[in-house]
Amino acid sequence: MIKPQKNVSLKTYNTLGIDVQAAFFTVIKDLQDLHYARDFCRLQACSWLLIGGGSNLVLTQNFAGLVMVMAMSKLDWTSHTDGLEVCAESGCEWDELVAASVKRGASGLENLSLIPGQVGAAPIQNIGAYGVEVKQCLRWVDVFDFNTGACFKLTAEACELGYRDSIFKRHPHWVVTRVNFQLGHHALTKDNPAQLGYGIIAQTIESMTGEPAVGATVQQIRDAVIHIRQSKLPDPKHIPNVGSFFKNPIVSAKQTAKIQQQWPDLVAYKLDDGRFKLAAGWLIDQLGWRGYSQDGVGVHQLQALVLVATGTAVTGDEVLALAQRIQADVFATFDVVLEIEPRLFNSRGEFWLS
Ligand SMILES: Cc1cc2nc3c(=O)[nH]c(=O)nc-3n(C[C@H](O)[C@H](O)[C@H](O)COP(=O)(O)OP(=O)(O)OC[C@H]3O[C@@H](n4cnc5c(N)ncnc54)[C@H](O)[C@@H]3O)c2cc1C
C-alpha cells in the first residue's frame, strides 16, 4: 500500500536541482505499488509523473498531481552458451548494471558506462554513446499501462528504438517495469568486436595502457569511457545539468553541403539513408556560447551541448529561456532546427516548446 506524502520538494530528484514541489509524492517499490498509485490518481482525479534518476527532465512548475519515484530494483543474471542474459527492474541504477556486466566480462554495455539514470529510462530515449545504443543489446521490456492497469511485454523491435527515440515517447502512459538484455560472452573476439566509438576510445585505451586497443577487454573500454566522460562532462552532483540539452540535428545532404560552403570544418556524420547527422555541440560552439553564464544559468565551459544551472535558485523556465536563445541563434546562422533532448514538465504534465 502506498501512502503519498504531500507537498514534497523535488530538488533532489532532478539533476538540474530545480526546486519545485509535488502535490503528492510516493516511491514505487513493486508492481503492486503501481496499481495503488493508479487507483490513487483515479480517486484524486490527478495527473502523474514518473521519475527515475531525474537526469533527463526539466521541471518548470510545482507538479499538481502524484510524482512517483521508481525504486523497483531486482536483478537476475542467466548464463547461456551464447552469452549472458540480464533482467533488471527499472529502478536499478544504469551504471551499476553496466559495472556488474563488465565485472562478469560480458560485452555490450561497456560503451554506455557512466550515463546517469535508471535502467527503466534507458529504452525511453534509446540511450547511446560512443557509437553504441541500448537498442543493440535490448531483448524485451515489461510494461505497466497506467491508463488501463494492464501489464504486457514488448520485444525490442516493437519498442521502435531510433536516435534518442522510442515508442514510449508516443505512449507516455506506459511505465517500463523491467528490461531484459542479451550480452556477449567474455572476451571480445573477431565475431564480437569492440566498439571503439569514433576512434576516441581506442586512442584513450592506448594512452592509458600503452598497448594497442585491438583486443581490449570490456573493463579497459569501460575505464576509457569513464576517463573520457569525466574529463568532458560535468558531474551533476557538483554542476547541475541534464547532459546534452539538444539532439544532434539530422539534415539533407544538400543542406549539409550548403553549410559546408561557409563552414568547411562542419562536423557531420553520413547516415545510411544519405542524410547527415550534425554535431549540435559544434554548431553552438561556433556561435560563442560555450562558457556563457548569466544569473546562474549557462553553457558548460568544456561542452557546448550541456546547459548548466549553477545558481542557487534557478528555475526551469530560466534554463528553457537560454535554450531558446541558443536555438534561435543556431537557426538564424545555419538554418538548422535544434530539438531539445530532455523532457519538459509543467504543473499538469509534459509539454513541448513550439
Ligand atoms: C551528465 C549527463 C550525461 C548524460 N549522458 C548521456 C549519454 O551519453 N547518452 C544518453 O542517451 N543520455 C545521456 N544523458 C541523459 C540521461 O542520463 C538519460 O536519458 C537517462 O536514461 C535518463 O534516465 P533517468 O532515470 O534519469 O530518467 P528521468 O530523467 O527520471 O526520466 C526521463 C523521462 O523518462 C521517463 N521515465 C523514466 N523512467 C521511466 C520508466 N521506468 N518507464 C517509463 N518512463 C520512464 C520519465 O517520466 C521522463 O519522461 C546524460 C545525462 C547527464 C546528466
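## The second largest pocket

Helix α7 gives the most to the lining of the second largest pocket, contributing four residues. A quick word before going further: this is a predicted model. The pocket has a volume of about 410 Å³, and 20 residues line it. Those that lie nearest its centre are Gln327, Glu339, Ile340, Trp352 and Leu353. Looking at the elements that give two or more residues to this lining, we find α7 (316-334), β20 (343-345) and β21 (350-351). By residue class, the lining divides into 11 nonpolar, three polar and six charged residues.

Gln327 is a good residue to click on here, as one of those nearest the pocket centre. Gln327 is found in helix α7 and counts as buried, with a relative accessibility of 18%. Leaving aside residues up to four places away in sequence, Gln327 touches Phe246, Leu338 and Ile340. Of these contacts, Ile340 is itself listed among the residues nearest the centre of the pocket.

## The sheet beside the pocket lining

Two of the lining elements, β20 and β21, also belong to an open sheet of three strands. The strand order is β4-β20-β21, and the pairing is mixed. At the edges stand β4 (57-59) and β21, each with a single partner strand, so one side of each has no neighbour in the sheet.

Within this sheet, β20 and β21 pair in the antiparallel sense over two bridges. If you would like a pair of residues to display, Leu344 has Phe351 in β21 as its bridge partner.

## The chain as a whole

Stepping back, the secondary structure of the protein chain comes to seven helices and 21 strands. A compact globule of 354 residues would have a radius of gyration near 20 Å, and the 21 Å of this chain agrees with that. Taken along the principal axes, the C-alpha atoms fill a box of roughly 60 × 55 × 35 Å.

How much of the chain counts as buried? The share is 51% of the 354 residues. As for contacts between residues at least 6 apart in sequence, 62% of them join residues at least 24 apart.

## Another three-stranded sheet

An open sheet is also formed by three strands in the order β14-β16-β15, here with antiparallel pairing. Its edge strands are β14 (250-251) and β15 (268-270), each of which pairs on one side only.

β14 and β16 (residues 276-278) run antiparallel and are joined by two bridges. Ile250 has its bridge partner in β16, namely Lys277.

## The β10-β11 hairpin and the loop that follows β11

Strand β10 (residues 138-145) runs antiparallel to β11, and five bridges join the two. Val143, for instance, has Phe152 in β11 as its bridge partner. The two strands form a hairpin with five residues between them. In the turn sits Gly149, with a positive phi of about 85°.

The loop between β11 (151-155) and β12 (174-183) holds Glu160, and Arg164 has its place in the loop between these strands too. Glu160 is not a glycine, yet its phi is positive, at about 50°. Arg164, also not a glycine, has a positive phi of about 50°. Are these residues buried or exposed? Glu160 is partly exposed, with a relative accessible area of 42%, whereas Arg164 counts as buried at 13% relative accessibility.

## Helix α2 and its surroundings

Helix α2 (residues 94-103) is largely enclosed by the rest of the structure, because seven of its 10 residues are buried. The buried ones are Trp94, Asp95, Leu97, Val98, Ala100, Ser101 and Val102.

What do the buried residues of α2 pack against? Their neighbours are β6 (75-80), β7 (83-89), β12 and α4 (218-232). This brings back β12, one of the strands that bound the loop of Glu160. After α2 comes Gly105, whose phi is positive, near 80°.

Note on methods. Residues are numbered from 1 along each chain as its sequence is written. This is a predicted model: local features need pLDDT of at least 70, side-chain atom pairs count only at pLDDT 80 or more; totals for chains, interfaces and linings use all residues. Side-chain values use heavy atoms; hydrogens and water are left out. On a 1 Å grid over the protein atoms alone, a cavity is a set of points where a 1.4 Å probe fits but cannot get out, and a pocket is an open set with protein on both sides within 12 Å along at least five of seven lines; lining residues have an atom within 4 Å of a point. Grid points are joined across faces, edges and corners, and a volume is the space filled by probe spheres set on the points. Ala, Val, Leu, Ile, Met, Phe, Trp, Tyr, Cys and Pro count as nonpolar, Asp, Glu, Lys and Arg as charged, and the others, Gly among them, as polar. Two strands pair if DSSP finds at least two bridges between them. The radius of gyration is taken over C-alpha atoms; the globule rule is 2.2 Å times the number of residues to the power 0.38. Buried means under 20% relative accessible area, exposed over 50%, partly exposed in between (1.4 Å probe, protein chains only). Contact means heavy atoms within 4.5 Å.
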